[in-house]
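Have a look at the sequence and the 3D picture below. Then let's walk through the model together, starting with the ligand.

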Amino acid sequence: MSQPRARKSRSAFACTECGAQLPKWAGQCPECGAWNSIQEVALPAGEHGGTASHGSGNAAVQRLADVRPEPELRRPSGLAELDRVLGGGLVQGAVVLLGGDPGIGKSTLLLQACAALAGGAGAAVLYVSGEESPEQISLRAQRLQLDAGAVRLLAATGVEQIIEQVASEQPRILVIDSIQTLASATLTAAPGSVSQVRESAAQLVRLAKQTGITVFLIGHVTKEGALAGPRVLEHMVDTVLYFEGEPGSPHRLVRAVKNRFGAVNELGVFVMTDRGLRQVPNPSAIFLARHDRPVPGSVILVTREGTRPLLVEVQALVDRSPLANPRRVAVGLEQNRLAMLLAVLHRHGGVAMFDQDVFVNVVGGVRISETAADLALLLAVLSSHRDRPLPLDLAVFGEVGLSGEIRPVPNGPERLREAAKHGLRQAIAPKANCPRGGIAGLHLQPVLSLREAMDLLPAGPVRGPDQAG
Ligand code: TYD
Ligand code: MG
């Protein structure tokens with residue numbers, strides 16, 4: 001008779017940057033190319049590489065049409081801006097990762113949500129902190145004058161201990177601050193290591209799925225922008241939110257980068273005050289720096305973040321370069337896109353920038369990934385290059401194609417109406433985005449090509465290499 005083989009302690013390797021799993025160690029991650037990012041992760045006995053197993057006993061194949069899903073139960077968090085990024089409130093059994101730099105306000109945001117949930121809505125909320133003592137949390141709640149009296153607090157770092165407490169407390173919402181402080185007794189690795197973070201999160205995900213508790217995991221982000229170590233977490237949770245803000249600016253943005261229960265790229269906007277985070281329900285113009293005089297190189301772009309239009313100022317500075325390879329720097333926009341657009345400007349607009357440094361920036365720390373910013377970016381560059389300001393009341397958007405055509409972007413009329421609402425009087429936009437009946441109060445200048453858009457700009461002396469200096 002063959003003896004059952006003794007279970008060997010298993011281990012695997014994972015990349016701390018991208019979360020890729022490998023069977024053996026390597027100096028460089030084959031997935032994302034990062035060096036020295038592969039760490040050993042121990043798998044607890046019984047787990048076979050995968051996370052959150054879905055039970056193997058009663059697997060059965062069924063027709064999709066026969067599946068009767070239970071209606072998604074959503075609970076408003078009391079913070080409408082947070083609900084917006086979550087896709088309309090907290091979902092039962094969902095696991096939400098909230099990432100952000102230390103000190104950005106993650107604990108404050110979730111404490112405020114907990115206060116609203118436990119106070120007004122009367123939901124049972126358990127706030128587990130491995131970073132701050134209950135006294136510290138209470139002091140902060142007092143300082144920010146939060147009505148958080150009904151929130152239940154637990155200072156703990158052991159996952160098994162937390163899960164035990166959850167079983168007796170029976171909360172509907174569980175907040176873990178932060179996932180990097182947790183450790184499971186099944187592993188010997190230090191808290192914050194990839195294997196601990198992964199194992200702790202896996203246990204909490206299982207808990208959420210079994211009990212229907214909504215779990216928030218707070219995660220710190222490293223300077224490079226990755227969730228410290230546990231990029232692995234992004235695959236395990238239902239929703240990934242990033243809490244962002246510019247140093248020195250009171251504005252805070254919550255952005256959904258992954259959401260199984262809603263749209264991604266949705267944006268929630270808050271302002272930091274000495275009484276906690278205040279919501280900005282109508283943020284479309286907060287990033288707009290209003291100048292009293294027109295300045296060269298500045299253009300107002302109507303962008304769309306998630307489901308809302310947003311007016312932002314795009315700035316450009318074009319300056320003669322002393323370098324053989326002039327600099328192209330884009331802050332808040334894509335660097336490669338800038339290089340491509342400058343090539344289009346050269347080929348189809350006849351303006352060469354090969355001896356000029358080009359810097360572009362989106363004011364207010366907003367990051368724009370949509371192509372609707374193309375035209376605004378090029379007009380800002382041209383305005384700076386010619387040293388001719390554009391009108392203060394002009395809004396611009398539109399995608400620029402490689403053959404110099406201006407292509408329509410989603411939700412054109414809505415963007416135009418938003419511009420009119422904020423007192424802008426003229427707009428340069430793709431022809432297909434301009435409604436036939438026009439927009440009340442807005443002088444529309446529809447364009448089909450980059451040339452047409454350039455002809456609308458105030459002419460000016462182009463500072464060529466011979467004149468500059
Ligand atoms: P905190 O929530 O502790 O940041 P994180 O959990 O992301 O590390 O916030 C940092 C500090 O800022 C804290 O002392 C409270 C303070 N703060 C305010 O005074 N007002 C606010 O609106 C926010 C968000 C934070
Ligand atoms: Mg904190």
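What follows is a short tour of the ligand, its pocket and two backbone oddities.

First, some ground rules: this is a predicted model, in which local features need pLDDT of at least 70, side-chain atom pairs count only at pLDDT 80 or more, and totals for chains, interfaces and linings use all residues. Residues are numbered from 1 along each chain as its sequence is written, chains are lettered from A and ligands numbered from 1 in the order in which they are written, and side-chain values use heavy atoms, with hydrogens and water left out.

Start at ligand 1. It has 15 residues around it, and the closest are Gly103, Lys106, Ser107, Thr108 and Thr273 (a residue counts if one of its heavy atoms lies within 4 Å). Sorted by class, this shell holds five nonpolar, six polar and four charged residues. Here Ala, Val, Leu, Ile, Met, Phe, Trp, Tyr, Cys and Pro count as nonpolar, Asp, Glu, Lys and Arg as charged, and the others, Gly among them, as polar.

Now check the backbone. Oxygen atoms of ligand 1 lie 3.0 Å from a backbone N or O atom of Gly105 and 3.0 Å from one of Gly276, while for Ile104 the distance is 3.4 Å. These are polar contacts, meaning pairs of N or O atoms within 3.5 Å. Taken alone, ligand 1 exposes 540 Å², and the protein buries 81% of that (areas come from the Shrake-Rupley method with a 1.4 Å probe).

Which elements give two or more residues to the shell around ligand 1? They are α2 (106–119), α3 (134–143), β13 (267–273) and β14 (276–279), and α2 gives the most, with three residues. Helices (H or I, at least four residues) and strands (E, at least two) are DSSP runs, numbered from the N terminus.

Zoom out a little, and you'll find that ligand 1 takes up the space of the second largest pocket. A pocket is an open set of points on a 1 Å grid over the protein atoms alone, where a 1.4 Å probe fits, with protein on both sides within 12 Å along at least five of seven lines; lining residues have an atom within 4 Å of a point. A molecule sits in one if more than half of its atoms lie within 2 Å of its grid points. Of the 20 lining residues, those closest to the centre include Ile104 and Arg140.

Finally, two backbone oddities. Asp177 and Ser178 are joined by a cis peptide bond, with omega about -5°, and Ser178 sits in the loop between β9 (173–177) and α5 (194–211). Gln170 isn't a glycine, yet has a positive phi of about 50°; look for Gln170 in the loop between α4 (159–169) and β9.

Definitions and conventions. A polar contact is a pair of N or O atoms within 3.5 Å; within protein, one must be able to donate a hydrogen and the other to accept it, and residues adjacent in sequence count only if both atoms are side-chain atoms.
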